[in-house]
Amino acid sequence: MRQNKNELREAENNAVIEGVLLEKRFEDKGEGDNRALTGEIDIEVRENEVHTVSFYTKYKKNDGSENGLVKGLKTVEEEYKTVAEVGREEADKVRVDNASIRLNEYYGQDGSLRSFQQISTNFVNRVKANEEFIPRAEFSIEGVVKAVKDEISSNEPTGRKELELLVPLYGGQIIPLKFIAPEGDAAEYIESEYEKGSTVAIHGDIVNYKEIKVEKKQAAFGSDKEKVTHITKRENVITGGQEPYDEDNKNAYNPQLIAKALTEREVALEEKKNKKKDGDKGNKGKKGGFGSKASGDKKKAGGLKADDLPF
């Protein structure tokens, strides 16, 4: 039997980042019960590859007691040594092994949705001297197949496949994430076996590569000309996966619950878009110094199209 609960199960969603601590940025936000410790740390896993890990945790739990997670993050803020502070030789090696992949989403000034992958955690540990240090950025994740497509570059298929997954989060939310299957066995298996609507589990590498190349062209006179090239690659590369879950597997996702979560996501995004629009109108009204307050013209979110459903 499929899941018969009314709540959507939170998917396995784990990221492991291990490397040298480059920088850390901390900030207190909010007041009273809403006071929270937020920030980011940058971890270098190899040359030209740095991963930013974000965190957010309130100082108080819902019952008013102290949140123990803050103490651990305060230790990172006050005691962990970064390359920026003490140099590479003295900087701490760190491991984040309880992170998850999320999306940072917002609407820009042009009304378009901006969506960026984000690695989030509230746990950071030093790699001890007697522990093996394995620089890496890896993921293991479950989700529902939304689509399998050819990767296209310069209007030509690359041989790799794009796997689009719908990943349920805590609290019944759902987000779309994209993964790349390398040319060969992985791409062939996923294309033939990962059907739309099936529940799957995959693992692989998180890639965030940035390189700046400077090429000098010698001049016959005067200063040489420099050509600067920025090389950036951000992708989640699949290195392995499981067979699709059978329909009677208790962990196979109920398509009705997925459809409900997608509808709620659409409504939430529409509300966020209207809030952004209303905020912009309000700011324009304040700038003018006269006239009536701009009122929000909230639109009812439309229903899902058939092509948007994962099954």
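Which residues does Lys161 touch, not counting residues up to four places away in sequence? Select Lys161 in this predicted model and display its surroundings: the residues that Lys161 touches are Val148, Lys149, Asp150, Glu151, Phe179, Ile180, Ala181, Ala187 and Glu191, with those up to four places away in sequence left out. Lys161 has its place in strand E8, which covers residues 156-168, and at 10% relative accessibility Lys161 counts as buried, because the limit for that class is under 20%.

**The whole chain**

Before the next selection, zoom out and colour by secondary structure, where the chain comes to 4 helices and 11 strands. Of the 311 residues in the chain, 36% are buried, and the accessible surface comes to about 19,500 Å², with 45% of that area belonging to carbon and sulfur atoms. If you draw the contacts between residues at least 6 apart in sequence, 65% of them join residues at least 24 apart.

**From strand E8 to strand E11**

Return to strand E8 and select Arg160 together with Glu235, which form a salt bridge whose closest N and O atoms are 2.9 Å apart. Glu235 lies in strand E11 (residues 225-241) and Arg160 in strand E8, so this pair ties together parts that are 75 residues apart in sequence. The two partners fall into separate accessibility classes, Glu235 being buried at 15% and Arg160 being partly exposed at 22%.

Staying with strand E11, select Glu226 and then Lys216, a salt-bridged pair with the closest N and O atoms 3.9 Å apart. Here Lys216 belongs to strand E10 and Glu226 to strand E11, with their positions 10 residues apart in sequence. Lys216 is exposed, with a relative accessibility of 59%, whereas Glu226 is partly exposed at 45%.

**A network and a further pair**

Next select Glu18, Arg95, Glu131, Arg136 and Glu138 as one group, since salt bridges that share partners join these residues into a single network. The structure has 24 salt bridges in total, and another one to display is the pair of Arg114 and Asp110, whose side chains meet at 3.1 Å, N to O. In this pair Arg114 is partly exposed, with a relative accessible area of 28%, while Asp110 is exposed at 54%.

**A nonpolar patch on the surface**

Switch to a surface representation and select Ile212, Val214 and Val228, which form a nonpolar patch with about 270 Å² of accessible area together. Ile212 lies in strand E10, which runs over residues 199-217, and Ile212 counts as exposed, with a relative accessible area of 57%.

**Aromatic rings**

For the rings, begin with Tyr189 and Tyr194, one of 4 aromatic pairs found in the whole structure. The ring centres of Tyr189 and Tyr194 are 6.0 Å apart and the ring planes stand at 80 degrees, so the arrangement is edge-to-face. Tyr189 is partly exposed at 33% relative accessibility, but Tyr194 is buried at 5%.

Where does the charged end of Arg35 sit? Select Arg35 with Tyr59, and the charged end of Arg35 can be seen over the ring of Tyr59, at 3.9 Å from the ring centre. As the last stop, select Lys93 and Phe133, where Lys93 lies over the face of Phe133 at 5.5 Å from the centre of the ring.

Conventions
Residues are numbered from 1 along each chain as its sequence is written. This is a predicted model: local features need pLDDT of at least 70, side-chain atom pairs count only at pLDDT 80 or more; totals for chains, interfaces and linings use all residues. Side-chain values use heavy atoms; hydrogens and water are left out. Patches are made of residues with over 30% relative accessible area and no salt bridge: like charges are joined within 9 Å, nonpolar side chains (Val, Leu, Ile, Met, Phe, Trp, Tyr) within 5 Å. Accessible areas come from the Shrake-Rupley method with a 1.4 Å probe; for residues, only the protein chains shown count as cover. A salt bridge is a side-chain nitrogen of Lys or Arg within 4 Å of a carboxyl oxygen of Asp or Glu. Helices (H or I, at least four residues) and strands (E, at least two) are DSSP runs, numbered from the N terminus. Buried means under 20% relative accessible area, exposed over 50%, partly exposed in between (1.4 Å probe, protein chains only). Contact means heavy atoms within 4.5 Å. Rings of Phe, Tyr and Trp (its six-membered ring) pair if their centres lie within 6.5 Å; planes under 30 degrees apart count as stacked, over 60 as edge-to-face and the rest as tilted. A charge sits over a ring if NZ of Lys or CZ of Arg is within 6 Å of the ring centre and within 35 degrees of the ring normal.
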